[in-house]
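Reader: Hey, can you walk me through this one? I'm new to reading structures, so plain words please.

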Amino acid sequence: MSIPRITGGRLFGALALVASVILGAAAVWMGGLNQDEGWYLYATNLVADGLVPYRDFAYTQGPVLPFAYAPFAGIWQTFGLLGARLFTLGLGLCGILLAMGLARRLVPDDRRGTAALVVFFLLATNLYHLYYVAIPKTYALAGLFVLAGFFLLTTARQHAAAALGAGLCLALAAGTRLSLSALLPVVGMGLLCARQGKALLAFCLGGFGGLALVFGPFLLDPATRAGLVAAQTYHTARGGFDLTWTVGSLSRLVRWYLPVFLVLGLGGFTRARLLLVAFLAVFSVQMLAPFPYEDYQVPIMGLLAVFAAVNFVGRTDVALPRARLLVLGLCFATSFGSPLLESWATNGQDRFWSRKKPKTELAQLREVARTIETLDPGGKTLFTQDLYLAIETNRRVPKGLEMGPFAILSDTDWRELLATVDCPVAALSGYTFAIEPPVCNERPVEQQLAYWNLLKAKYRLVVQEEAFGQNATPLLILTRTSD
């Protein structure tokens, strides 16, 4: 009996698939906790309860994510943050599949398989990318809409419905993450320059119709309109510019996506240039932020990966087997040698000795949630600014804390809240009372101490975790004293 011969493409694809599964599991289970994933999911729970963002609670992004996630809220209400991460990773993987399909459509027939494989290597075996499309922030959903829009654009000339759908998808992307709205005029200008009049008309109908669908109900209602405007002032109020931070952000982006940039340099710039222009447009908008975190670029890195792969594989002087081997090797080296793995396993170093984490941050979160449940069986509320704890315990926090450590409360609001809070359990990390939004400076220590003293009058310490959650701050678990 003969053994089927495994071709190079299939072998590389199988290796990449195995690596992707391993790295994806690491991203979900080992990946560090992020405060944002708590308040995004909490907003989703509130929408599932029938509340409206901007009117009933503060929310600083477009409204699409909480409404898109709300029908699936039962997943994290049952399985906690682990369920939310698996669901979100599913969206991220769908985006990667669309990126592969997009690449296939932009190269000659005999190079389609390799183009798709290279995109898979660049995204699905990139630990950093998998982590940020696994944690429930806006990135996975926004990236899915972006790639769906550009995938549909490939047939926009022949099918007006595809152009209409592309406009709608990019409008939904803008409604998920506001900086992605830059894609709409870029694509519109691209269709205009290509003299695709019918496609441009259909795209505009889809784009404007989508924006009206997403933002119209909120702009027409005075209460939600005021909240939506306030959300944008939140983004601009931080202000300032730090050159060191900006350069560092660029440096880290190159490090996390080094294979993408290397493949980009090895290819040309002759194919699918609209992808590059679209990427640069959003990239520039996001780099204008006072503190442009490199993960802001995650939803558009699929576009850059496709552009790089198409131009690299499309070169006639590139041997396809060597191209596959080169890119896969680069991706394996950068992902399995990623500093993320070390940061997820340790809390830094004490002189000569590494401070190893006894368990992953997600496992620790689940353990703390069980402690809270023991102290308050069947409880419905929790006083905390670490909203991933509210998600894991399926509890509600006092009104005003819907954005966790980024909640905007005046001094009077805080004092009133601390005087009236009646949650049976409080779980307070180093983020509690520390950040003064929207500028995000540290709140004066004297004011923080005043709030802690008000809290001490009503709560007693039960459990202390020395290193918990994002950036490993102490966590205090307190129970309410009898009046």
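Reader: How far is the sulfur of C204 from the closest cysteine sulfur, and why is there no bond?
Author: The closest cysteine sulfur belongs to C193 and sits 13 Å from the sulfur of C204, so the two are too far apart for a bond. A disulfide here is a pair of cysteine sulfur atoms within 2.5 Å. Searching the whole structure turns up zero disulfides.

Reader: What kind of model is it, and how is stuff numbered?
Author: This is a predicted model, where local features need pLDDT of at least 70 and side-chain atom pairs count only at pLDDT 80 or more, while totals for chains, interfaces and linings use all residues. Residues are numbered from 1 along each chain as its sequence is written, and side-chain values use heavy atoms, with hydrogens and water left out.

Reader: Back to C204: what is its relative accessible area?
Author: C204 has 28%, which means partly exposed. The cut-offs are buried under 20% relative accessible area, exposed over 50%, and partly exposed in between, using a 1.4 Å probe and protein chains only. C440 is partly exposed too, with 23%.

Reader: New topic. Is Y69 buried or exposed?
Author: Y69 is buried, with a relative accessible area of 1%. Y69 is found in helix α3, residues 64–69. Helices (H or I, at least four residues) and strands (E, at least two) are DSSP runs, numbered from the N terminus.

Reader: What does Y69 touch?
Author: Leaving out residues up to four places away in sequence, Y69 touches several residues, including L41, W76, F87, T88 and L141. Contact means heavy atoms within 4.5 Å. Y69 and F87 are 18 residues apart in sequence, with 9.6 Å from C-alpha to C-alpha.

Reader: And which side chain makes a polar contact with the side chain of Y69?
Author: That's T88, at 3.1 Å. A polar contact is a pair of N or O atoms within 3.5 Å; within protein, one must be able to donate a hydrogen and the other to accept it, and residues adjacent in sequence count only if both atoms are side-chain atoms.

Reader: Okay, sheets. What's the strand order in the open sheet of three strands?
Author: The order is β3-β7-β6, with antiparallel pairing. At the edges are β3 (425–428) and β6 (459–468), each pairing on one side only. Two strands pair if DSSP finds at least two bridges between them.

Reader: How many bridges do β3 and β7 have?
Author: Four bridges, in the antiparallel sense, with β7 covering residues 473–480. A426 has L478 in β7 as its bridge partner.
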